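Biologist: I am new to this structure and should be grateful for a close look at one of its pockets. Please explain what surrounds it, and then place it within the rest of the protein.

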Amino acid sequence: MLETASSPVTYSLSTAPDSFDPYVCNLSSKFKKIALEELREDDNIRGQALAQFREWIAKHPTIKKCRTDAVFLLRFLRTKKFSVPAACEMLERYLTIRQLHPQWFKRLDIEDKGIDDIISSGYLIPLPQRDAHGRQLILSCAGKFDPYKHTSEEMARTHSLVCEALIDDEESQVAGYTYVNDESGLSMGLISLWSLTEMKTMIKCIQNSTPMRHKETHFMNMPSYANKVIEFCMTVLTDKLKNRVVLHKNLEELKTKVDPKLLPKEYGGTMPMSEMIEIFKEKARKNRAAILALDDMYIEVSKESVNFAGNDDVDMDPGMVGSFRKLQVD
């Protein structure tokens, strides 16, 4: 079976570099243009990179099981603009964080009651329409998450499920993602679910190990008592991602940067949030088997990998740690 942008991919765990069907790129001319201009991607570069990537996986001493279909590997190659060494390193990190933090990155099941409840609440919603740049938008509504009913692990697995349900979409691999975060209703209970060490580890996992092109991150309605949390998160981000974070006072300010027609009806768009949620849930159910099969991938984790994603707080500013602990108590 051929691998295309619209047909199902072959979720092979084979590591034989020559046992693959030929890849056929069905991206529209718009996305091919973005891929060439921003990622240096053309048929020749793509073909060579996939061959090199598969050969590297086949020879890797600790990668025992891994998807090697083109669409999966293109997640990493496109994120790293077809630098094969950088893509290989990101794949190694991706597999490692899944082994180190299964409570965050495994058992991503849309039929899990906790995950289903969180998505049904409207806490995290991929928006159906792309923006003018072709990007996938993901809306998060902090006030819709119940921290007294759900755990931080359920929150993390919900985010991971949403990502895995989206990132085999080749248009998104090419154009990237925009995140819109409505922090109205952000409670102290939600903030207290996460320690600073956990926040730091999760942020590093996202920016170093998740094969997604993070293009813009918008926050609005941020309560003053959460400023310390944002301040801390910004210290962990790379300079590139820091420059892509925009803070807005309110929805009207956000609409100057994000097309309001793309947002749920409750935010000034046309489609009700409930319909957007059902569209995503149907997509997640359709891809359920493939997403759960990711748990079959395996890399042997060495002792050196224990602090792989920054699982320590030795370099944290003591004042910041104290302020956050006081914030949790207050």
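Modeller: The second largest pocket is a suitable place to begin: 19 residues line it, and those nearest its centre are Thr79, Lys80, Met90, Gln207 and Lys240. The model in view is a predicted one. The space within this pocket comes to about 410 Å³. Four elements each give two or more residues to its lining, namely α4 (84-100), α10 (196-209), β5 (214-220) and α12 (239-242). Helix α4 supplies the largest share, with 4 residues. In terms of residue class, the lining of this pocket holds 8 charged, 6 polar and 5 nonpolar residues.

The chain around this pocket deserves attention as well. Lysine 81 lies in the loop between α3 and α4. Its phi is positive, about 50 degrees, although the residue is not a glycine. Lysine 81 has a relative accessible area of 41%, a value between the limits of 20% and 50%, and is therefore partly exposed.

The pocket may next be set beside the enclosed space of the model. The structure holds 1 cavity of 30 Å³ or more. The largest cavity contains about 1300 Å³ of space. Its lining is made up of 47 residues, and His159, Asn181, Met202, Ile203 and Ile206 are the closest to its centre. The elements α4, α10 and β5, already met at the second largest pocket, also give two or more residues to the lining of the largest cavity. Others that do so are β3 (136-141), α7 (152-166), β4 (177-182), α9 (188-191) and α11. Among the contributors, α7 gives the most, with 7 residues. The classes in this lining are 34 nonpolar, 9 polar and 4 charged residues, whereas the lining of the second largest pocket has 5 nonpolar, 6 polar and 8 charged residues.

Two of the helices that line the cavity can be examined residue by residue. Serine 152 belongs to helix α7. With a relative accessible area of 12%, which is under the 20% limit, serine 152 counts as buried. Leaving aside residues up to four places away in sequence, serine 152 touches Leu193 and Trp194. Helix α11 spans residues 227-236, and its buried residues include Val229, Ile230, Phe232, Cys233 and Val236. Viewed down the axis of α11, the buried residues fall within an arc of 160 degrees, so they line one face of the helix. A general point of geometry applies here: an α-helix has 3.6 residues a turn, so residues three or four places apart point the same way.

Helix α1 (residues 29-39) offers another case, with Phe31, Ile34, Ala35 and Leu39 as its buried residues. These cover an arc of only 100 degrees around the axis, which puts them on the same side of α1. Ser29, Lys33 and Glu37 are exposed residues on the face of α1 turned away from that buried side. The buried residues of α1 pack against α3 (70-79) and α8 (170-175). Helix α3 is also one of the two helices joined by the loop that holds lysine 81.

The chain can then be followed onward from α1. Arginine 40 comes after this helix and lies in the loop between α1 and α2. Its phi, near 65 degrees, is a positive value in a residue other than glycine. Arginine 40 is partly exposed because its relative accessible area, 46%, falls between 20% and 50%. Helix α2 covers residues 43-59 and contains alanine 58. Alanine 58 is also partly exposed, with a relative accessible area of 32%. Its C-alpha atom is separated by 9.5 Å from that of threonine 68, which stands 10 residues away along the chain.

Some totals complete the setting. The protein has 16 helices and 7 strands. Of its 330 residues, 50% count as buried. The accessible surface comes to about 15200 Å², and carbon and sulfur atoms account for 52% of that area. Among contacts between residues at least 6 apart in sequence, 78% join residues at least 24 apart. The pocket chosen at the outset draws on separate stretches of the chain in its turn, with α4, α10, β5 and α12 each giving two or more residues to its lining.

Conventions
Residues are numbered from 1 along each chain as its sequence is written. This is a predicted model: local features need pLDDT of at least 70, side-chain atom pairs count only at pLDDT 80 or more; totals for chains, interfaces and linings use all residues. Side-chain values use heavy atoms; hydrogens and water are left out. Buried means under 20% relative accessible area, exposed over 50%, partly exposed in between (1.4 Å probe, protein chains only). Contact means heavy atoms within 4.5 Å. Accessible areas come from the Shrake-Rupley method with a 1.4 Å probe; for residues, only the protein chains shown count as cover. The arc is that of the directions from the helix axis to the C-beta atoms. On a 1 Å grid over the protein atoms alone, a cavity is a set of points where a 1.4 Å probe fits but cannot get out, and a pocket is an open set with protein on both sides within 12 Å along at least five of seven lines; lining residues have an atom within 4 Å of a point. Grid points are joined across faces, edges and corners, and a volume is the space filled by probe spheres set on the points. Ala, Val, Leu, Ile, Met, Phe, Trp, Tyr, Cys and Pro count as nonpolar, Asp, Glu, Lys and Arg as charged, and the others, Gly among them, as polar.
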